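Colleague: Before I plan anything at the bench, I would like to go through this model with you, one question at a time. Please give the reasoning behind each reply and finish on the value or name I asked for.

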Amino acid sequence: DGMCALTGLRMLFDDDDGDPELFCSLDRIDSNAHYERGNLQIVCKFANRWKGASDNDKFLNLIAKVRALSQTR
């Protein structure tokens with residue numbers, strides 16, 4: 001569906017015009033495991049960098065907090 005698995009933002013392809021931080025990037029759900037089927041998700045480039053080796057569920061929780069805070073402002 002073209003949405004980042006972590007942020008829900010619409011992603012771009014490398015050949016699209018726009019912000020390169022929104023380009024698709026392959027992320028391991030469990031950073032301690034291998035790049036293999038069932039452990040991969042497609043995310044925005046910046047979200048992959050921000051997540052780094054963090055726990056996927058903890059990172060999703062942080063994103064939810066940021067989203068909730070932005071809705072109160």
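Colleague: Is Lys51 buried or exposed, and what is its relative accessible area?

Modeller: Please keep in mind that this is a predicted model. Lys51 lies in helix α1, and a residue counts as buried when its relative accessible area is under 20%. Lys51 falls under that cut-off and is therefore buried, with a relative accessible area of 1%.

Colleague: Which residue forms a salt bridge with Lys51?

Modeller: The closest N and O atoms of the pair are 2.9 Å apart, and a salt bridge requires such atoms within 4 Å. The partner lies in strand β1 whereas Lys51 lies in helix α1, so the pair ties together parts that are 24 residues apart in sequence. The partner counts as buried too, because its relative accessibility is 2%. The residue that forms this salt bridge with Lys51 is Asp27.

Colleague: Which side chain is joined to that of Lys51 by a polar contact of 3.3 Å?

Modeller: The residue in question lies in helix α2, whereas Lys51 lies in helix α1. It is buried, because its relative accessible area of 9% is under the 20% cut-off. A polar contact of 2.7 Å also joins its side chain to that of Gln41. The side chain joined to that of Lys51 at 3.3 Å is that of Asn56.

Colleague: How far apart in space are Lys51 and Leu6, C-alpha to C-alpha?

Modeller: In sequence, Lys51 and Leu6 are 45 residues apart. In space, the C-alpha to C-alpha distance between Lys51 and Leu6 is 9.2 Å.

Colleague: How many salt bridges are there by this rule, and which residue pairs with Glu21?

Modeller: The count comes to two salt bridges, and one of them is the pair of Lys51 and Asp27. In the pair with Glu21, the closest N and O atoms are 2.9 Å apart, and it links distant parts of the chain, with Glu21 in the segment before β1 and its partner in helix α1, 28 residues apart. Glu21 counts as partly exposed because its relative accessibility is 27%, and its partner counts as partly exposed because the corresponding value is 48%. The count is thus two salt bridges, and the residue that pairs with Glu21 is Arg49.

Colleague: How many disulfides does the structure hold?

Modeller: A disulfide needs two cysteine sulfur atoms within 2.5 Å. The structure holds zero disulfides, and Cys4 is in none, its nearest cysteine sulfur, that of Cys44, being 3.8 Å away. The sulfur of Cys24 is 7.7 Å from the closest cysteine sulfur, in Cys44, and this is too far for a bond. As for their surroundings, Cys4 counts as buried at 4% relative accessibility and Cys24 as partly exposed at 33%, and the number of disulfides is zero.

Colleague: Which backbone oxygen does the side chain of Asn39 reach?

Modeller: Asn39 is found in the loop between β1 and β2. Asn39 is buried, because its relative accessible area of 8% is under the 20% cut-off. At 2.9 Å, the side chain of Asn39 reaches the backbone oxygen of His34.

Colleague: Which residues make the nonpolar surface patch, and what is its area?

Modeller: One of the patch residues, Ile42, is found in strand β2 and counts as partly exposed at 47% relative accessibility. The patch is made by Leu26, Tyr35, Leu40 and Ile42, and its area is about 380 Å².

Colleague: What pattern does the chain follow when read along the sequence?

Modeller: The secondary structure comes to two helices and two strands. Of the 73 residues of the chain, 27% count as buried, and the C-alpha trace spans about 40 × 30 × 20 Å along its principal axes. Read along the sequence, the chain follows the pattern β-β-α-α.

Colleague: Where is confidence lowest in the chain?

Modeller: The mean pLDDT of the chain is 95, and 100% of its residues reach 70 or more. Confidence is highest in strand β2, at a mean of 98, and lowest, at a mean of 94, in helix α2.

Definitions and conventions:
Residues are numbered from 1 along each chain as its sequence is written. This is a predicted model: local features need pLDDT of at least 70, side-chain atom pairs count only at pLDDT 80 or more; totals for chains, interfaces and linings use all residues. Side-chain values use heavy atoms; hydrogens and water are left out. pLDDT is the predictor's confidence in each residue, from 0 to 100. Helices (H or I, at least four residues) and strands (E, at least two) are DSSP runs, numbered from the N terminus. Patches are made of residues with over 30% relative accessible area and no salt bridge: like charges are joined within 9 Å, nonpolar side chains (Val, Leu, Ile, Met, Phe, Trp, Tyr) within 5 Å. Accessible areas come from the Shrake-Rupley method with a 1.4 Å probe; for residues, only the protein chains shown count as cover. A salt bridge is a side-chain nitrogen of Lys or Arg within 4 Å of a carboxyl oxygen of Asp or Glu. Buried means under 20% relative accessible area, exposed over 50%, partly exposed in between (1.4 Å probe, protein chains only). A polar contact is a pair of N or O atoms within 3.5 Å; within protein, one must be able to donate a hydrogen and the other to accept it, and residues adjacent in sequence count only if both atoms are side-chain atoms.
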